[in-house]
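User: I have a model open and would enjoy going through it with you. Could we take it in questions and answers?

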Amino acid sequence: MASQNLLPFLFCLLLLQLHPLAAQDAVKAAYWFPDSGLAASEIDVSLFTHLFCAFADLDPQTYQVTISAANQAPFSTFTSTLQQNNPSVKTLLSIGGGNSNASYFASMASQPSSRKSFIDSSIEIARSYGFHGLDLDWESPRNDTEMVNMGLLLDEWRAAVDTEASNSGQSPLLLTAAVYYSSVLDSVTFPVDSIGRNLDWINVMAYDYYMPSWYNFTGAHALLYDLPDRVSTSSGIEAWIGAELSPQKIVLGLPFYGYAWTLADPADNGVGAPATGAAVTKSGAMTYKEIKAFIETNGATTVYNSTIAANYCYSGSIWIGYDDVEAIADKISYATETGLLGYFAWHVAGDDNWVLSEEASSTWG
Ligand SMILES: *[C@@H]1O[C@H](CO)[C@@H](O)[C@H](O)[C@H]1NC(C)=O
Ligand SMILES: *[C@@H]1O[C@H](CO)[C@@H](O)[C@H](O)[C@H]1NC(C)=O
Ligand SMILES: *[C@@H]1O[C@H](CO)[C@@H](O)[C@H](O)[C@H]1NC(C)=O
Ligand SMILES: *[C@@H]1O[C@H](CO)[C@@H](O)[C@H](O)[C@H]1NC(C)=O
């Protein structure tokens, strides 16, 4: 082979060498769970880079990660089903969730032996089910001791994942966690250094700021902007970045759902109007798909408030706060301008004919 013909080859090799140093591609993700009304095979995987399969459980006796009998079949086929339509999509097994008992996680994280049970079983289950990563949904550590223990857990989890990868010759499992909208929860700070050192990224749950069950005013439950002393997505993201977590470790949560309130006075129908509790469903929670159907059926008035980046609609005494394409587009613009790694949706079955997923993906570019 003539040496001059080697030059392009060497140049390609050089590019291949440089590639791993480039920033990770944007994360366009969503959570899925089996009884959500959408089969895994129905997910439009062309719109996503990563899907989270929810939820595996933590056994409070053995501290091992387990998958319930009902979830065995859907979880075991999740990755292969998605990859049939998009071979490069990555899947992560999510452990815990909002309905799991946070005290089980606190006690698991409090002892080296139980942390080891958790870690070893999580890796074993991820590999045997074919997932590309693991997602910790401990909602949430609540005091300084628990936060320190979470930091230890993440150090040991990362070490174990790296060891397993070098032993098995496979790519290391991705490691992520779903966390509170802010780095500070009731005056207690998350272990930000450990998070930055050990996790590929965090999924920031930037929603549920207001709910009909405890707030007797209509609320934009996932608003992007508000006054500095009030809860908002931008204030939470600023807190994470202010605590020195790289924006490249932050993935922004987008709610594909909203909440319905009953208005105290149908004529008083803005954000912050007096309300008397939930409407439509017991908690007021409705998926985006259900909200769109409600608007259609009832001819509801729809409003987008770009100052706070929140949509709402009302019809008679029913008021619903949610994210439509306008809120999603403004949040994605905020995320790219802030240098975040990407976004995730909770949850994929809430979308209506892929409208929000497409808006998010195309606005990101
Ligand atoms: C969580 O588990 C703890 C310890 O077993 C128990 O005391 C508590 O009642 C449980 N909480 C819920 C919401 O089930
Ligand atoms: C933190 O919570 C744990 C329960 O997970 C409790 O045992 C411990 O006493 C608490 N620590 C502090 C400092 O409040
Ligand atoms: C909200 O209003 C309803 C109806 O007036 C009342 O029953 C409920 O206690 C109120 N909730 C709160 C949190 O104030
Ligand atoms: C939008 O929200 C802001 C902040 O709550 C409020 O001041 C403003 O009046 C709202 N705009 C509209 C058009 O409702």
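Analyst: Happy to; this is a predicted model, and we can go through its ligands, aromatic pairs, a lysine and the cysteines.

User: Let's begin with ligand 1. How much of its area does the protein bury?

Analyst: The residues around ligand 1 are Asn101, Ser103 and Tyr104. A polar side-chain atom of Asn101 is 2.3 Å from a ligand 1 oxygen, and one of Ser103 is 3.1 Å from an oxygen of that ligand. Taken alone, ligand 1 exposes 360 Å², and the share of this that the protein buries is 23%.

User: Which residues surround ligand 2, and how much of its area does the protein bury?

Analyst: Around ligand 2 you will find Ala106, Asn143, Thr145 and Glu146. The side chain of Asn143 places a polar atom 2.3 Å from an oxygen of ligand 2, and Glu146 has a polar side-chain atom 2.3 Å from an oxygen of ligand 2. On its own ligand 2 exposes 360 Å², of which the protein buries 34%.

User: And ligand 3: which side chain has an N or O atom 2.4 Å from an oxygen of the ligand?

Analyst: The surroundings of ligand 3 consist of Trp214, Asn216 and Thr276. Of the 360 Å² that ligand 3 exposes when taken alone, the protein buries 33%. The side chain with an N or O atom 2.4 Å from a ligand 3 oxygen is that of Asn216.

User: Now the aromatic residues. How is the pair of Phe55 and Trp346 arranged, stacked or edge-to-face?

Analyst: The count of aromatic pairs comes to 28. For Phe55 and Trp346, the ring centres are 5.9 Å apart and the planes meet at 20 degrees. Planes under 30 degrees apart count as stacked, so this pair is stacked.

User: How far apart in sequence are the parts that this pair ties together?

Analyst: Phe55 belongs to strand S2 (residues 50-58), while Trp346 belongs to strand S17 (residues 342-346). Phe55 itself has 18% relative accessibility, and it counts as buried because the limit is under 20%. The pair therefore ties together parts whose separation in sequence is 291 residues.

User: What about Tyr225 and Tyr334, stacked or edge-to-face?

Analyst: Their ring centres lie 6.2 Å apart, with planes at 85 degrees. Tyr225 sits in the loop between strand S9 (201-204) and helix H7 (233-242), and Tyr334 sits in helix H9, so the pair links distant parts of the chain, 109 residues apart. An angle over 60 degrees counts as edge-to-face, so the pair is edge-to-face.

User: Which of these words fits Tyr225: buried, partly exposed or exposed?

Analyst: Tyr334 has 8% relative accessibility and counts as buried. Tyr225 stands at 34%. Since values between 20% and 50% fall in the middle class, Tyr225 is partly exposed.

User: Is Lys331 buried or exposed?

Analyst: Lys331 lies in helix H9 (residues 325-338). Leaving aside residues up to four places away in sequence, Lys331 touches Ala222, Leu224, Leu252, Leu254, Pro255, Ala309 and Asp323. Its relative accessible area is 1%, and because the limit is under 20%, Lys331 is buried.

User: Last, the cysteines. How many disulfides does the structure hold?

Analyst: Cys53 is buried, with a relative accessible area of 0%. Cys313 is buried too, with a relative accessible area of 0%. A disulfide requires two cysteine sulfur atoms within 2.5 Å, and the number of disulfides in the structure is zero.

Technical notes. Residues are numbered from 1 along each chain as its sequence is written. Chains are lettered from A and ligands numbered from 1 in the order in which they are written. This is a predicted model: local features need pLDDT of at least 70, side-chain atom pairs count only at pLDDT 80 or more; totals for chains, interfaces and linings use all residues. Side-chain values use heavy atoms; hydrogens and water are left out. Buried means under 20% relative accessible area, exposed over 50%, partly exposed in between (1.4 Å probe, protein chains only). A residue is near a molecule or strand if one of its heavy atoms lies within 4 Å of it. A polar contact is a pair of N or O atoms within 3.5 Å; within protein, one must be able to donate a hydrogen and the other to accept it, and residues adjacent in sequence count only if both atoms are side-chain atoms. Accessible areas come from the Shrake-Rupley method with a 1.4 Å probe; for residues, only the protein chains shown count as cover. Helices (H or I, at least four residues) and strands (E, at least two) are DSSP runs, numbered from the N terminus. Contact means heavy atoms within 4.5 Å. Rings of Phe, Tyr and Trp (its six-membered ring) pair if their centres lie within 6.5 Å; planes under 30 degrees apart count as stacked, over 60 as edge-to-face and the rest as tilted.
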